[in-house]
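Subject: Handover of a structure

Dear colleague,

Please find below the structure that I am passing on to you. My notes on it follow, with each term explained where it is used.

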Amino acid sequence: QELRHMVSDDWVRRNWDVSQELGSGAFSTVKLGVRTKQGSSEALPAGLKCAMKMIDKRKFLSFQSNRSSGLTLNDEANLMTSLQHPNIVSCLEWFQTEIHIYLALELVRGGDLLHNLMEGGCLTEMQAVRIFRQICDAVHYIHVTVKLVHRDLKPENVLLTNKDRDTMVPKLADFGLARVNMKSMDCKTFCGTPQYFAPEVINSAKDSNLGYGKPVDMWSLGVNLYIMLCGVPPFEDEGLYQQIVQGNWQFDVPQFSQVSEEAKDLVRKLMTVNPRERINIQQALNEPWLRIAEIADFATP
Ligand code: ADP
Ligand code: MG
């Protein structure tokens, strides 16, 4: 199992030219990869570009044993290769050496949503609804079709196909923390990124019996939508956890005076403290505000 897709460093060099860095995370680096002439095939022709995610196995394992998450080394690769959705980064192939796991990912060229929001400020409501709708389509696919929790939904992990806000297509990336979730509440690992933590994630760090499931992704979607609509996060960094568990957030950014009640209503239903009262992805997709996306789609050339 652990040795599947094992190759030599030499094999990697013969099949892929890996060069310029595209980004990095806690235990991975992502670089531009180009399929070599020598390694080309019908499926992966010479010159084919990818985003090569290289996961440092040793760093990953020490991180995981600290958190006893139950994740194993090959989980992300196995998951990524099984997912197929227009709004999820696809995986062309994966392999491993002694040191690294390599994921040859679909190259997404427009940067991530966080940088886009930092550079250009918040989106217009029409831009937000079109992009958020597609992110929700991806979440519907992972929650309902493949029965998975992503656990790390944040703007850094939403990649964009280009920089034009009226046409860009969002693609969900980074399934490094995702796990298969058949029962409703069985993830007990304290993970993700603080600003997007659901209240029950914070509570489960104190009381490990609480656990958490798909609703954590719904909360994070609410935080994402809040940021897309106004350009800033809903919580202050100081006393962050307390604000989250108390649901202590407001539409207190001036931009919200321009935002429709329907959009705010969806944020409220997503950022509901009690996970049992929070809406699920099917309900979110049926919300009036997200139905506008069908009209917005219609208006896109
Ligand atoms: P980590 O698990 O370490 O957070 P990510 O999968 O989030 O790694 O990738 C880290 C960064 O690399 C991303 O924020 C992005 O900038 C870049 N990146 C990742 N995947 C792609 C891709 N498919 N296309 C282009 N850039 C990517
Ligand atoms: Mg990431």
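β1 and β2 form a hairpin, with three residues between the two strands. Strands (E, at least two residues) and helices (H or I, at least four) are DSSP runs, numbered from the N terminus. The two strands of the hairpin pair in the antiparallel sense over six bridges, and β2 covers residues 28–35; strands count as paired if DSSP finds at least two bridges between them. Within this hairpin, V18 has G33 of β2 as its bridge partner, and S24 stands opposite T29 in β2.

This is a predicted model, in which local features need pLDDT of at least 70 and side-chain atom pairs count only at pLDDT 80 or more, while totals for chains, interfaces and linings use all residues. Residues are numbered from 1 along each chain as its sequence is written, and chains are lettered from A and ligands numbered from 1 in the order in which they are written.

The hairpin belongs to an open sheet of five strands, with the order β1-β2-β3-β5-β4 and antiparallel pairing. Its edge strands, each pairing on one side only, are β1 (16–24) and β4 (91–96). β2 also runs antiparallel to β3, to which seven bridges join it; in one of these strands, β3, I55 is the bridge partner of S28.

Which residues are closest to ligand 1? They are G23, G25, V30, A51 and D174, among the 21 residues that surround ligand 1; a residue is near a molecule if its C-beta atom, placed from the backbone, lies within 6 Å of it. β1, β2, β3 (49–56) and β5 (100–106) are the elements that give two or more residues to this shell. The largest share, three residues, comes from β1.

Helix α5 (residues 125–145) has 21 residues and should span 30 Å at 1.5 Å a residue, which agrees with the 28 Å between its end C-alpha atoms. The expected span is 1.5 Å times one less than the number of residues. After α5 comes K147, whose phi is positive, near 55°.

Finally, the confidence values. The mean pLDDT of the protein is 89, and 86% of its residues reach 70 or more; pLDDT is the predictor's confidence in each residue, from 0 to 100. Over residues 182–188, however, pLDDT stays under 50. For the complex, the predictor gives an ipTM of 0.97 and a pTM of 0.90.

Yours sincerely,
A colleague

Conventions
Contact = placed C-beta atoms within 7 Å.
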